[in-house]
Structures are given as structure tokens and as C-alpha cells.
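Me: I'd like to go through this model and ask how each label was earned. Could you set the values against the cut-offs for me?

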Amino acid sequence: RHAWTVELHPRDNMKESYKVTVQDATEFPLYYIRHYGPRNDDRIDRQLTYLWIVHFPKRHEEIRWQLDDEVADHKWVKLDEVATWLANDKANDNAEFKSEGGVRDDGPDEGDFCHRTIRSLLEAGLMRML
């Protein structure tokens with residue numbers, strides 16, 4: 001795995017910084033694709049995604065965070081709880097989902113946390129961490 005050290009400024013303050021280690025979570029980037037079908041104007045999301053593991057020098061509770069507007073809500077989850085959390089979220093998936101008119105559709109967002117496409121990215125990253 002590749003790893004490097006960077007300075008983190010959790011409150012966008014140059015005087016407050018932490019040296020963190022960033023490490024590849026997967027050997028290669030993952031290709032993310034999600035078909036929304038007619039329920040969302042046939043939107044298709046495609047992106048090449050790198051997953052990283054970030055090691056902080058302190059526990060997250062000891063760092064004062066200032067998150068931007070794109071973070072509507074956040075939750076810190078212990079690593080040993082994540083697999084169970086994702087499995088419980090997966091239980092909400094509707095295995096019988098039928099797309100409209102035969103058009104490809106990856107299904108609605110039924111989990112408490114996220115839809116199955118995002119969850120698959122998390123599971124891929126977790127395999128390297130557990």
C-alpha cells in the first residue's frame with residue numbers, strides 16, 4: 001500500500017494543524033456507476049473513486065471539526081461496529097425491486113445510511129481495514 005503524510009486543518013485554520021497519515025484502502029480506484037431510472041429522470045452517476053484510510057494522531061473527539069455545507073450530518077462509527085452497521089442497513093434492501101418499463105434502475109435508497117452502490121464502496125474499503 002502507498003502511504004503519505006499531510007497536514008490537516010480541521011477548522012480551516014492554518015495555525016491549528018495535525019499531521020495525518022493517508023493510505024490507499026484499495027489497490028486500484030473503483031468505478032462507481034448507479035442507474036436511477038425513470039424515477040429520477042434516467043440519471044446515471046459514474047465516477048472513478050479512490051478510497052483512503054486516514055490515521056489521525058488523536059481520537060476524533062479530541063479534534064475540533066468544522067465541516068462544510070456538503071456534510072448534512074455525520075456519525076463516527078467504531079471500526080469493529082461498521083460491518084454490523086452495514087449488514088443491518090443492507091437488510092432494508094428490497095430484493096424484489098422491479099424497474100419501470102424494463103429500464104435499468106439500481107433501486108431506491110432504502111437503507112438507513114445509504115443505497116447499495118455507496119454501501120458496496122464502503123464494503124470494498126473495509127475489507128482492507130478489518
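Me: Let's start with Tyr18: where is Tyr18 placed?

Reply: Tyr18 sits in strand E2, residues 18-24. Keep in mind that this is a predicted model.

Me: Why does Tyr18 count as buried?

Reply: Its relative accessibility is 12%, and buried means under 20%. Since 12% falls under that cut-off, Tyr18 is called buried.

Me: What does Tyr18 touch, leaving out residues up to four places away in sequence?

Reply: Tyr18 touches Val6, Glu7, Leu8, Pro10, Pro57, Lys58, Glu62 and Ile63. As for Val6, the C-alpha atoms of Tyr18 and Val6 are 8.2 Å apart, with their positions twelve residues apart in sequence.

Me: How do you know that Tyr18 and Val6 are in contact, given that C-alpha distance?

Reply: Contact goes by heavy atoms within 4.5 Å, whereas the 8.2 Å is taken from C-alpha to C-alpha. The pair is listed as touching, so some heavy atoms of the two lie within 4.5 Å.

Me: What about Val6 itself: which strand holds Val6, and what does Val6 touch?

Reply: Val6 belongs to strand E1. Beyond four places in sequence, Val6 touches Tyr18, Lys19, Val20 and Val22. Ser17 is eleven residues from Val6 in sequence, and their C-alpha atoms are 9.7 Å apart.

Me: Why is Val6 called partly exposed?

Reply: Val6 has a relative accessible area of 31%. Buried needs under 20% and exposed needs over 50%, so 31% lands in between and Val6 is partly exposed.

Me: What makes Val6 eligible for a nonpolar surface patch?

Reply: Patch residues need over 30% relative accessible area and no salt bridge. Val6 is at 31%, so it passes the area cut-off. The patch is made by Trp4, Val6, Tyr50, Trp52 and Val54 and covers about 490 Å². Strands E1 (3-8) and E5 are the elements that give two or more residues to it.

Me: Now the aromatics. How many aromatic pairs are there?

Reply: The count comes to four aromatic pairs.

Me: Why is the pair of Phe56 and Trp76 called edge-to-face?

Reply: The ring centres are 6.4 Å apart, and pairing requires centres within 6.5 Å, so the two rings pair. Their planes stand at 80 degrees, and over 60 counts as edge-to-face, so the label follows. In sequence, Phe56 and Trp76 are 20 residues apart, both in the loop between strand E5 (52-55) and H1.

Me: What makes both of these residues partly exposed?

Reply: Phe56 has 30% relative accessibility and Trp76 has 41%. The partly exposed range runs between the 20% and 50% cut-offs, so Phe56 gets that label and so does Trp76.

Me: Why is the pair of Trp65 and Trp76 called tilted?

Reply: Trp65 and Trp76 have their ring centres 5.6 Å apart and 40 degrees between the planes. Stacked needs under 30 degrees and edge-to-face over 60, so 40 degrees makes the pair tilted. Both tryptophans lie in the loop between E5 and H1, so the pair ties together parts eleven residues apart in sequence. With 28% relative accessibility, Trp65 is partly exposed. Phe56, Trp65 and Trp76 form one aromatic cluster.

Me: On to the helices. How do you know that the length of H2 agrees with what is expected?

Reply: H2 has 14 residues, 116-129. The expected span uses one less than the number of residues, times 1.5 Å, which gives 20 Å. The end C-alpha atoms are 20 Å apart, so the two agree.

Me: Which residues of H2 are buried, and what do they pack against?

Reply: The buried ones are Thr117, Arg119, Leu121, Gly125 and Leu126. They pack against strand E3 (30-37), strand E4 (43-49) and H1.

Me: Why is Ala83 called partly exposed?

Reply: Ala83 has a relative accessible area of 38%, and that lies between 20% and 50%, so partly exposed is the label. Ala83 is in helix H1, residues 79-90, and touches Leu126 and Leu130.

Conventions: Residues numbered from 1 in each chain as written. Predicted model: local features only at pLDDT ≥ 70, side-chain atom pairs only at ≥ 80, totals over all residues. Heavy atoms only, no water. Helix = DSSP H or I, 4+ residues; strand = E, 2+ residues; numbered from the N terminus. Buried < 20%, exposed > 50% of the residue type's maximum accessible area, 1.4 Å probe, protein only. Phe/Tyr/Trp six-rings, centres within 6.5 Å; stacked < 30°, edge-to-face > 60°. Patch = residues over 30% accessible without salt bridge, like charges linked within 9 Å, V, L, I, M, F, W, Y side chains within 5 Å. Areas by Shrake-Rupley, 256 points an atom, 1.4 Å probe, with all protein chains shown as cover. Salt bridge = Lys/Arg side-chain N within 4 Å of Asp/Glu carboxyl O.
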